[in-house]
Amino acid sequence: MEKVAFIINPFSAKKNYQPFLNELIKKVGNPLYYVSESIQGTDDFIQNNFDKVDIFVAIGGDGTISTVAKNLINTEKVLAIFPAGSGNGFSNETKFSKNLDELLEKIKARNSRKIDTFTVNERLSINVSGTGFDGKVVKEFEKTDRGFKNYIKVSLKTFFNYKPIKVKFSDEKYQQYNGKYLMLNIANTRQFGNNAYIAPNASKSDGLVDMVLVKKFPLTYSALFAFRMFTKRLKDDSYVTYLPVSEIEFKVNTKNWHLDGEFNKIKSPIHVKVQPSSLNILV
């Protein structure tokens, strides 16, 4: 495949990327590919091949995709995806499946479109990022072998011990929302991953992100919250608030964040800003 490069995260898919690579070589012949050794290695590979490649294919989860995407922001280069993560939220939302033949057909057609991304203190996010409960969950989750079951176990263990975060907004029109929250999420798409829809009305091409403020709720509400999240029915109520914004600034009394499912330390004040139509993706 001319002008196409495949970037593989060897730690995704339970570190079993070889079957994908074997199938790729069998069907493509002599593909340009890189088995990533580090984020810096991925950046270097993309920059070294930038002029001769039109489509960069990320093989991994949301963190891998975000690493590749940050090199393609505000360019005409195209991002494609073969999902191999534990949640695959962004690939679900952009309709990429674990079917290599389907991906190769999309690459041959070479149709693409622009979508939004956003930054948290100038750090790129393409899907959903947040702090509070889920930031802590991601931190603890990274100590496990990952997988959906481990995510649920860590989530339940963390929920009962987690103290709410304190959020204080800079803009006067948002100060009515100052207070304590279980978690705060910034959603460019609808889901975390695993079809858990934290922001069912979010759009990746409207110039806005949905800020989702969730107050700590009693155990009696948890089943309803989970049901609504997995059936795309979460909405504003006494525990959940949605704020569509293009830019917002606030302080929060924790540095624990996840950006597209990857743990990050980020100091307040926090500045979130949408980058409209900044990423070109294959469709």
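**Figure 1. Helix 7 is the main contributor to the lining of the second largest pocket.** In this predicted model, helix 7 supplies four residues to that lining, the most of any contributor. The volume of the second largest pocket comes to about 170 Å³. Look around its wall and you will meet Lys136, Glu140, Thr144, Val154, Lys157, Thr158, Asn161 and Tyr162. Two elements, helix 6 and helix 7 (148-161), each give two or more residues to this lining.

**Figure 2. An open sheet of six strands, with helix 6 lying across part of it.** The strands follow the order 12-11-10-7-14-15, and their pairing is antiparallel. Strand 12 (240-245) and strand 15 (262-265) form the edges, each pairing on one side only. From one strand to the next, the twist averages 20 degrees. Within the sheet, five bridges connect strand 10 (residues 183-187) to strand 11 (residues 209-214) in the antiparallel sense. One pair to pick out is Met183 with its bridge partner in strand 11, Val214. Helix 6 (residues 133-141) lies across strand 7 (128-132), strand 10, strand 14 (256-259) and strand 15. With strand 7, helix 6 makes an angle of about 100 degrees.

**Figure 3. A close look at Ile186 in strand 10.** Here we zoom in on Ile186, whose place is in strand 10. Is this residue buried or exposed? Ile186 counts as buried because its relative accessibility is 0%. Leaving out residues up to four places away in sequence, Ile186 touches Phe118, Asn127, Val128, Ser129, Val209, Asp210, Met211 and Val272. For a sense of scale, the C-alpha atoms of Ile186 and Val53 are separated by 32 Å, with these positions 133 residues apart along the chain.

**Figure 4. Strand 13 turns alternate side chains to opposite faces.** Along strand 13 (residues 247-252), Ile248, Phe250 and Val252 point to one face and are buried. Glu247, Glu249 and Lys251 point to the other face and are not buried. Strand 13 pairs with strand 8 (residues 165-169) in the antiparallel sense, over three bridges. In that pairing, Val167 has Val252 of strand 13 as its bridge partner. Strand 13 is also joined by four bridges to strand 16 (residues 270-282), again running antiparallel. There, the bridge partner of Phe250 is Ile270 in strand 16.

**Figure 5. Phe250 and the largest nonpolar core.** The largest nonpolar core holds 46 residues. Which residues have the most contacts inside it? They are Leu184, Ile198, Met211, Phe225, Phe250 and Val272. Strand 11 provides the largest share of this core, five residues. Setting aside neighbours within four places in sequence, Phe250 is in contact with Val167, Lys168, Phe169, Ser170, Leu184, Met211, Trp257, Pro269, Ile270 and Val272. A second, separate core has 42 residues, including Leu21, Phe56, Leu100 and Leu282.

**Figure 6. Helix 2 and what covers its buried residues.** Our last view turns to helix 2 (residues 39-49), where the buried residues are Gly41, Thr42, Asp43, Phe45, Ile46 and Asn49. An α-helix has 3.6 residues a turn, so residues three or four places apart point the same way. The cover over the buried residues of helix 2 includes strand 1 (4-8), strand 2 (32-35), strand 3 (55-60) and helix 3 (62-69).

Key
Residues are numbered from 1 along each chain as its sequence is written. This is a predicted model: local features need pLDDT of at least 70, side-chain atom pairs count only at pLDDT 80 or more; totals for chains, interfaces and linings use all residues. Side-chain values use heavy atoms; hydrogens and water are left out. Two strands pair if DSSP finds at least two bridges between them. Axes are lines fitted to C-alpha atoms, for helices over the stretch in contact, and angles run from 0 to 180 degrees between N-to-C directions. Contact means heavy atoms within 4.5 Å. A nonpolar core is a set of buried Ala, Val, Leu, Ile, Met, Phe, Trp, Tyr and Cys residues joined through side-chain atoms within 4.5 Å. Buried means under 20% relative accessible area, exposed over 50%, partly exposed in between (1.4 Å probe, protein chains only). On a 1 Å grid over the protein atoms alone, a cavity is a set of points where a 1.4 Å probe fits but cannot get out, and a pocket is an open set with protein on both sides within 12 Å along at least five of seven lines; lining residues have an atom within 4 Å of a point. Grid points are joined across faces, edges and corners, and a volume is the space filled by probe spheres set on the points.
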